[in-house]
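Reader: Hi! I am new to reading protein models, and I would love a close look at one part of this one. Could you walk me through the cysteines and the residues around them?

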Amino acid sequence: MHIWWKHQRKDKCKYKGCSRNVRHRNCLYHFPFYSVHQSVFNKVCISEDRGPLDILKNGVHEIRDSNLDYCIVYGRQDEFQPVCEDFNKMAERLKKSVNQIQQQEFSRKELVAGISHDKL
């Protein structure tokens with residue numbers, strides 16, 4: 001295992017015309033360019049997938065905040081389209097379920113009121 005600072009001597013390597021120092025200077029010279037390239041590549045790849053994820057995140061926040069009429073409109077034909085369609089179906093079923101529970105609660109209150117009125 002080579003430790004780069006141990007090879008910072010100016011003496012020549014055993015190979016003709018090779019300096020150990022040159023190899024490490026080249027490595028340090030290319031590192032900033034590699035870092036910039038990698039960060040730009042990651043930014044492009046991640047930003048492409050952030051759009052659909054942000055749309056889903058906003059949809060989840062709307063449902064969480066009791067906006068059960070919220071519908072995700074997603075125009076692209078890619079792997080997120082079925083997820084968005086399933087999200088819309090889930091929101092619709094949740095809305096029906098909440099309406100059904102509210103209707104049952106209303107019916108229960110009417111029944112209790114009717115029974116208590118009959119006892120008098």
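Author: Happy to help; below we go from the whole chain to the cysteines and then to the residues around them.

Keep in mind from the start that this is a predicted model. The chain has 120 residues, and 15% of them count as buried. Its secondary structure consists of two helices and zero strands. About 10400 Å² of the chain is exposed, with carbon and sulfur atoms supplying 60% of that area. If you look at contacts between residues at least 6 apart in sequence, 35% of them join residues at least 24 apart.

Now to the cysteines. A disulfide is a covalent bond between the sulfur atoms of two cysteines. How many disulfides does the count give here? The count is zero. Take Cys71: the nearest cysteine sulfur belongs to Cys84 and is 9.5 Å away, and Cys71 is in no disulfide. Seen from the other side, the closest cysteine sulfur to that of Cys84 is in Cys71, and because the gap is 9.5 Å, it is too far for a bond. To count as a disulfide, the two sulfur atoms would have to be within 2.5 Å.

Are these two cysteines buried or exposed? Cys71 has 47% relative accessibility, so it counts as partly exposed. Cys84 has 3%, so it counts as buried.

Next, follow Cys71 to a residue that touches it. Asn88 is in contact with Cys71 and also with Ile72, leaving out residues up to four places away in sequence. Asn88 lies in helix H2, a helix that covers residues 81-119. With a relative accessibility of 18%, Asn88 counts as buried because the cut-off is under 20%.

Helix H2 also holds Gln81. Gln81 is buried, with a relative accessible area of 18%. Beyond its neighbours within four places in sequence, Gln81 is in contact with Tyr74 and Arg76.

Ile72 leads us on to the other helix. Gly59 sits in helix H1, which spans residues 20-64. Apart from its neighbours within four places in sequence, Gly59 is in contact with Tyr70, Ile72 and Phe87. So Ile72 is a contact of Gly59 and also of Asn88. Where does Gly59 stand on accessibility, buried or exposed? Its relative accessibility is 0%, so Gly59 counts as buried. Finally, Gly59 and Ala91 are 32 residues apart along the chain, and their C-alpha atoms are separated by 9.4 Å.

Notes: Residues numbered from 1 in each chain as written. Predicted model: local features only at pLDDT ≥ 70, side-chain atom pairs only at ≥ 80, totals over all residues. Heavy atoms only, no water. Buried < 20%, exposed > 50% of the residue type's maximum accessible area, 1.4 Å probe, protein only. Helix = DSSP H or I, 4+ residues; strand = E, 2+ residues; numbered from the N terminus. Contact = heavy atoms within 4.5 Å. Areas by Shrake-Rupley, 256 points an atom, 1.4 Å probe, with all protein chains shown as cover.
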